[in-house]
Structures are given as C-alpha cells and as structure tokens.
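Load the model in your viewer and keep the selection panel handy. We will hop from one selection to the next.

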Amino acid sequence: MLDNKRILLIVAGGIAAVKAPDLIRRLRERGAKVRCILTRAGAQFTTPMALGALSGDAVYQELFSLKDESEMGHIRLSREADLIVVAPATADIMTKMATGIADDLATTTLLAADKPILIAPSMNVMMWTHPATQANLATLKAREVRVIGPGAGDLACGEVGDGRIAEVSEIVAAISRYFQGEVDQGPLARYRALVTSGPTHEPIDGVRYIANRSSGKQGHAIAAALSALGADVVLVSGPTQLPDPDGVKVVHIETAAQMLKACKEALPRDIAVCAAAVGDWHVAGAGKKKLKRDRGPPALQLASNPDILATLAKAGGGRPGLVVGFAAETEDVITNGKAKRDAKGCDWIIANDVSAGSGTFGGDNNTVHLITREGVEDWPTLKKSAVAERLAERIAAYVSRHL
Ligand code: CTP
C-alpha cells in the first residue's frame, strides 16, 4: 500500500523516540522507503545505529556536518521525500515549527520543506494542554500540518492524561490514509454521527415559552469536531445564536418532541452525542393563541418530555454503536453523572458542573469528567472547542477499535 513512497521521518527528543524503530519497520513492511533525521535530543532515546539498520539508509543528524551536507543537504532531504513525518513531535519541535525557528538539521529541513508534514505529538499532559502548545498546534493545523494523536493514558512521566504518542499502528494508518486519497479524510470518514445541541423551547402559548440557559456552544463544537475528523454529521439543534457549523447538516427544532422526531429520522447512526439541554417538561395543552393578562395568571399544567438520550441508548436494532450523554449537575457531579450513565443506558457520560458560579452555561470554557464503564477521567478546564476536539479524538479511537 505504501509501495515506493518516500517518507522522511524526523525523530525528536522524547521517550516515544523508542518507538521509531518499530514505526520504520512497519512502514518498510508496507513498501515505503524511510529516511531518518535524528535530533540531538532524540539520540538520547534511540540510536542512529538502530534507525539506520531498520531504514537501510543513512541517518542524518548534524546541520553543520560536512559529511551530511555534502551527501545530502537539508533542502534535498525534503525534496527527495513524498511526506515528512515528525514522530515523536515534542513540545519543543512544535514550538520551533510554529514560529519558524531553524537551529538544527530537523528544524531547518522542516522550515525548508516543500512537502506535506504529519506530526505525532508526544509529551507530558500539562505540556500538551498548556495554552502555548495548544496555540502552536492551532497554528500548525491552520498551515495544514496533519496531526495524529496524542491519546490518553499512562504517561512515561508517571502522570495520566493526554500526551501519549499515537500507537504505531495509528501513525501507519494516518500515513496510509494520506497516500490513499492524498486528501486525509480523517479517522471518522466511514462513520455517521448524530449530535443534539442547544436548549429546547416549550411553548406556553402562541408567544411565550419555557427555555433554559444553554447556548449550544458545546454541542455545536462537538458537531464541528466530529465533522473535522471526517464524520458525516447531523446536528439537531434547538434555538441558539450560533451559525451552523461548516459541513454539518443541521436540523433546527424548537421542542423536545420535535428533537426526538428529528433524531429518529436521522437514524441509523454509528455515534450519538446528546449535548442538548432538553426541557424536561412541556406545558400540557398549550394553545396557539396568546393568553390574555386580564384572565389572571394561568395555572400551567406540565407534562413530561421524552428522554431523547435514553430513547437512543435503548437496546435495539437502531441503537448507535456509541451513545454519549452529558450530565449537567449543580452538585455531586461525578456521583450524579455515574447514576445518569446507568439510568439512561448510554456508554459514556460527560459530567459537568453547571451551577451559577461555574460559568459553564453560556461561557466558553468547560471542566468535564468523562465517565465510562472503565472509570472516571478528570479533564482540565478547556475551551469548549478543545473539549469537543478531545472528545472527537476519543470517539475516533473508540470506534476504530469497536465499530
Ligand atoms: N436528555 C435528553 N432528553 C431529555 C432530557 C435529557 O436527551 N428529555 C439528555 C441530555 O441531552 C443529556 C442527558 O440527557 O445528554 C442528561 O441531561 P440532564 O439535563 O443532565 O439530566 P436530566 O435527564 O434532565 O435529569 P435532571 O434534570 O434531573 O438532572
């Protein structure tokens, strides 16, 4: 599948550099030609001998080496490749790429590159989530640098969280995807997703309604993030001030009953994420005419709305393979989140604190806990767009293994 594709692999200085030999081996098994640049820090973790033996080519290390430059200058290294892969991509090399620093052979080659670049970041979770790294990541993505991973899990530094380099098989798959279509359609390209977002409006009469403070920012960001990874996304949204996300089919509804109908019509789907703040009740017998004030305050009779998440999660032929719900809580966030996961029958719950002081409803940030059958993961406070991207990556990793 990678027959004669020329890959320039830049191995930077992180513990994940120990995986470089395995990556080279698997790429060569698929027919690729691999040539390596090893940074000085990378050489602390793996050796030029190992990379050279597996790639069957010279390993380039020094910018100011007469031998390296006369044999193969930094310009030619890029020109003679079809794709440049940086694995592991450390916080340091990402910073240098984003700012255009060229102070060694790897970064000089990257700055002089005329070829697409794929990076596989790997670092400590705090380094990864640091706004500086996230800003560099955004800059690199805006320049169409492709990114694979990182995933979550135990890190070499002993901490737990995001920052673990993508599995070697995932890096190989991302490289293959690139060469298959030249356009990377993303890890969710084969998958269909349904997302609910926003509040619902439950009419009291022809002009008044019961609503809640949901802005739809989180749900819309999730729809956009799933679409960015290639999924075919239907977003069923209550009334919000937000524009429709690019590339996403949006069904605009007002009430919970309409939301349920639109969701059912969108089935079958592989993935469902219910981020909407669905009104739990509607006004029984609400009419189209405006209630007149001189009749006195109406005695509103409320009736229960359908539970959309629970309906979608119910076992049966049309159940999406992965059903994710939110738990909007004002106290005992994790305990209530776990109880909600059981009660609704969904696979994952994203539990968040929506109490007045949290700023979650309407705000741009979110502090969430991912509750799965395996346990609870506490995510740091992130922008809602970053929560969405991280969730989409997690969903991509899950569906690639289970669906
Ligand atoms: N949900 C839904 N349909 C409803 C109510 C909630 O699909 N009628 C979904 C939400 O989209 C969310 C999850 O269920 O994914 C939990 O919503 P939440 O408002 O936290 O909980 P409720 O089920 O409404 O329970 P409570 O208000 O008692 O906390």
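Start with the open sheet of six strands, whose order is 3-2-1-4-5-6 with parallel pairing. Strands here are DSSP runs of E with at least two residues, helices are runs of H or I with at least four, and both are numbered from the N terminus; two strands pair if DSSP finds at least two bridges between them. Now select 59-60 and 146-147: strand 3 and strand 6 stand at the edges with a single partner strand each, so one side of each has no neighbour in the sheet.

A word on the model: it is predicted, so local features need pLDDT of at least 70 and side-chain atom pairs count only at pLDDT 80 or more, while totals for chains, interfaces and linings use all residues. Residues are numbered from 1 along each chain as its sequence is written, and side-chain values use heavy atoms, with hydrogens and water left out.

Next, select residues 6-11 and 83-89. These are strand 1 and strand 4, which run parallel and are joined by four bridges. Within them, I7 stands opposite L83 of strand 4.

Add residues 48-55 to bring in helix 2, which lies across strand 1, strand 2 (33-38) and strand 3. Helix 2 runs at about 170° to strand 2, where axes are lines fitted to C-alpha atoms (for helices over the stretch in contact) and angles run from 0 to 180 degrees between N-to-C directions.

Which loop holds T46? Look between strand 2 and helix 2. T46 counts as buried because its relative accessibility is 6%, and buried means under 20% relative accessible area (1.4 Å probe, protein chains only). Show the contacts of T46, meaning heavy atoms within 4.5 Å: leaving aside neighbours within four places in sequence, T46 touches V11, A17, P21, L38 and L51.

Now jump to residues 368-371, strand 20. V368 and L370 point one way, H369 and I371 the other, and all are buried. Add residues 348-353 to see strand 18, which runs antiparallel to strand 20 and is joined to it by four bridges; I349 has I371 as its bridge partner. Then add residues 376-378: strand 21 pairs with strand 20 in the antiparallel sense over three bridges, and L370 is partnered by E377. The two strands form a hairpin with four residues between them, and G375 in the turn has a positive phi of about 155°.

Finally, zoom out. The protein has 14 helices and 22 strands, and its C-alpha atoms fill a box of roughly 95 × 40 × 35 Å along the principal axes. Buried residues make up 48% of the 403 residues.

Definitions and conventions:
Buried means under 20% relative accessible area, exposed over 50%, partly exposed in between (1.4 Å probe, protein chains only).
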